[in-house]
Amino acid sequence: MISYMPYPVRIDDIVVETEDGNLKTFKLVFENETHAKAWNHVPGQFAMLSLAGQGEMPIGIASSPTEEGHLLFTVNRAGKVSTALHQMNIGDRMGVRGPLGNGFPVDTAMKGKNIVIIAGGFAVTTLRATLLSLLARRPDYGKITFIYGARTPGMLLYRDELKQWAQREDIDLHITIDREAPGWDGLVGFVPTIAGDVAPSPDNSVALICGPPIMIKFTMPPLEKIGWTDDQVYLSLENRMKCGEGVCCHCNVGPTLVCKDGPVFTRSQVKQLPIEY
Amino acid sequence: MPTINEIVSEEIRAQARKLLEEGTVAAVIGYAAGTLPMTVRPLVVRSPEDCSKLIWNTFCVLNLANYLPATLKSVEPPRGPRDPKPEGPLPKVAICATGCWSRNIVVQTQEHQVDRDRVVVMGVGSRGMVSRRKVEAIFSGKEILKVEEGDHELIVQGADFSETINRWSVVRDNCQTCTHPDPVLVDVRIGEPVSERKPPNPFIQVEKIEQKTVDARWAWFTEEFSTCIRCYACRNACPLCYCPTCFVDDAKPQWVGKSLDAVDTGLFHVLRAYHCAGRCTDCGTCETVCPMGINMRMLTKKLNKDVLNLYGIEAGMQPDAPLPLTTYAMDDPQKFMANEVAPVPSMAPATLGHRGPVPGSVKEGK
Amino acid sequence: MKVLKVTPAELDAMMQQWSKAHRVYAPALVKQPAASPNCAPGWRRVDGSGALTLSTGPTPASVKTFFFPQPETLLTYTLENNHPDKGLMREPEKSKEMQVVVGVRPCDARSVLLNNLPYQEDPFFQANRRRTALVGFTCDQSLSTCFCTQMGGSPLGSEGLDLAFSRTQDGFIVEVGSAKGEALVTGLDLAPADESEITALAARRQKEVKASSTELDTLKGRELGKLYDAPLWQPLGESCINCGACTFICPTCYCFDIQDEVVRGQGRRIRYWDSCMFPLYSLHTSGHNPRGQKVQRTRNRFLHKLKYFPDRFGPFSCVGCGRCVQDCPVNIDIREVMNDLLAVE
């Protein structure tokens, strides 16, 4: 049976991620030990963050299943619930309902493959979860390429971790910002351009692409040019949703429900759907 | 002998065809026949060949002005939200309009929703539209399969009956108390003009409620609106309701709850009526489209009465005058002001504000 | 299956009997408040006195309100400051009180079975199903707007009914369709139906031609893209005013919104009927709306019923009750839409 009851959690830590202050990462700890034990997610899944009196909102899970004891959600301040969440403090009580959706195929289609992760803006959250999962079982995968772009250095999420990953030999990391900025000595240019420059080989590879629709649109041609097919590319869709369990119908794209059948789809699956996302 | 509405239908088709063939307009808003007796479907015709679908009858109960802004937009060359307006005149749209609908077009023009120069009003004098509900009530329990329309009577037929009823007896309440059945804007005249009507008391239905005691009025209100299912047909069928986000849909802040709580439902209807004050032409569409048969028109009609009494204005009757509730005059009644009630003698009048027109002030301003 | 014989007087007695132990509802012939503890929209609570009156065709309101009430409280909580449980969600006690809905038509009974497909795992819908008995009356007569046979139903169908009454010359024969139905007739002294009457009903059912249901079924195999891009949607969307009347009176429209409501520090999370006809339904927080145009929303409703739902679950999400045909303010007729879709090359 579906349950609409969120697990009670407390806000254990809040990190302001971006220079504009609009993105904060909330570290949530279960109030009840049995809930913590019962929780089991796959990278790419999402959950409903529940604020009593405000409502619920679907947010991608930014923590990896390997980070035990807590959950991370990086939330952009935009609507009613996210605005209220941004006003909350460490120690406050809220709720989490999930995990929901299918997630990335880390145990199936991705296993044994070279992995190319391409992220733009704050869509990087579930890809952070994915990367950490892959790193925890590093021998199960081939080469890992991680391309991530933001508007400015100050808009990059998880900056401390990016530094750590840069030190590692087993990740091919490419961090880029849109325009030159003082103090930035890394890559400059839009994600599609960088992806074209990096030109990851499609052989025995899988790509996960998350970002604004326009970024996805322009990232595909350079990849297609070097032989990538739609079946190798995984995207994550977003739509307004309410129940997250495939009942309320809000998130439908044609016959497909983003909350239940997705949010992760191959690009060839997405191409079969009407453009209602 | 063709009936009046058969003649009107033929004229609408001929004029629409002509306007489209000449290229005067890019689209014509009218009615097509419905699939059930006493129903019609609003239709936008874009080619002369499709004009044969246009009809006019005594069941044309939806206010076509509601379709005007979207249809005007649809005939403009496509452009992005930031693209500049194309040069030169934009294509025009013709619309069939009776008295109240044409007054709504005036209001739409006053509120800058519609560019009058782009509208060709095919004016039809209204003889009052029939309420399907009233007819069905007469034949309660029997299914009506066909209704033939004469000029003054309806022949109502079912599987085992055929009865003739007087047309006026089943005309909608708003049409029965209508004073301006003939269009106030006419670019192309369809049929014969209809003269102004002088019903003995246009507000008789409202006054019946006004005469009740406060408790009885509250009881009427509670009961009348208790069946609302919040489908918003009344709002969506109304040419006045064009806010990009209706107050009931706002989430930040949320003004109205979403369940069927009587307070929320009542609040929606009362606020909607107030939004229509000074703008409503009593076209009756809200009431007609309600699947639950709620007479929400009583609220707007009451406000129409108040606006008429307070400001002497009927919506859409004075194209050049500002809308009554978006302007003011120095001699507007202002009983609500505290200084009207008890001026304090020890204070100088100047500090209390003025009580009459200030010499040299603007009489009517924006 | 048990089949009983019931006289009109016995029916009155049965309703009286039921109303002693359960909440009994019958179709309302006059206006009923939409939200009230003792009524459901379009239905009135009866005490068993007075005869049951049914109009031809579907009941004024569908039975969906008993399974999918407007609203349903999912969770409750307190927001009182310093309360130890502040913000802690609690599941409300689900009512177990039996409700007996009398006068249900076969089309509505089928709608419950169809809605049960997406709601298979929904605890609230299932709890309401467990506590609701449907006492139905097959249709001797149909309205011109009825098209249940086209949608795979039958005016004489008993599918989904706990007790199905069919008229005979001097009363009814009653088919007991479930354990809930069985419980409703237990302890009543009712005679079994005559064999001849059972045969007569079976013969009448045989005669009910399943009109064009097979033809309509070809829609299911059609390519979505073709149906989606068909030219019929543009004029349809243009006429549609995007109100929620059709979705709210529809027995098989089942989508909902969830909201929090707080009154004086006491909160509840409720779900209530929503409509894919409303722009807000699909609006993203960013302002992007995947179905921002009227025509997209109109198309979504029909394709959901005639293509998306069958793709997921098999049957069409429509029982052919014709309520939307009757009540659409702009006379959008789903029968026409189906014919136009069948004609799509």
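**Chat about contacts in a predicted model**

Colleague: How many residues do chain C and chain A each put into their contact?
Modeller: This is a predicted model, and in it the contact takes 38 residues from chain C and 30 residues from chain A.

Colleague: Which elements of chain C give two or more residues to the side that touches chain A?
Modeller: Those are β4 (72-78), α8 (224-228), β10 (256-263) and α11 (294-313) of chain C. The largest share of that side comes from β10(C), with six residues.

Colleague: And what's the class mix on the chain C side that touches chain A?
Modeller: You get 20 nonpolar, eight polar and 10 charged residues there.

Colleague: OK, switching to chain A. What does the domain assignment give?
Modeller: Domain 1 covers 7-98 and domain 2 covers 114-236. The C-alpha centres of these two domains of chain A are 24 Å apart. Their contact takes 16 residues from domain 1 and 14 residues from domain 2. On the domain 1 side, that's five nonpolar, eight polar and three charged residues.

Colleague: Now the helices. At what angle do α5 and α6 of chain A pack?
Modeller: α5 (residues 191-198) and α6 (residues 213-225) of chain A pack at about 20°, with axes 8 Å apart. Angles under 35 degrees count as roughly parallel, so α5(A) and α6(A) are roughly parallel to each other. The crossing of α5(A) past α6(A) is right-handed.

Colleague: Which residues meet there?
Modeller: From α5(A), A:Val191, A:Pro192, A:Ala195 and A:Gly196 meet A:Met215, A:Phe218, A:Thr219, A:Pro222 and A:Leu223 of α6(A). By class, this contact has seven nonpolar, two polar and no charged residues.

Note on methods
Residues are numbered from 1 along each chain as its sequence is written. Chains are lettered from A and ligands numbered from 1 in the order in which they are written. This is a predicted model: local features need pLDDT of at least 70, side-chain atom pairs count only at pLDDT 80 or more; totals for chains, interfaces and linings use all residues. Domain bounds come from an automatic or database domain assignment. Two residues are in contact if their C-beta atoms, placed from the backbone, lie within 7 Å. Ala, Val, Leu, Ile, Met, Phe, Trp, Tyr, Cys and Pro count as nonpolar, Asp, Glu, Lys and Arg as charged, and the others, Gly among them, as polar. Helices (H or I, at least four residues) and strands (E, at least two) are DSSP runs, numbered from the N terminus. Axes are lines fitted to C-alpha atoms, for helices over the stretch in contact, and angles run from 0 to 180 degrees between N-to-C directions. Angles under 35 degrees count as roughly parallel, over 145 as roughly antiparallel, 65 to 115 as roughly perpendicular and the rest as oblique. A crossing is left-handed if the near helix is turned anticlockwise from the far one by less than a right angle, and right-handed if clockwise.
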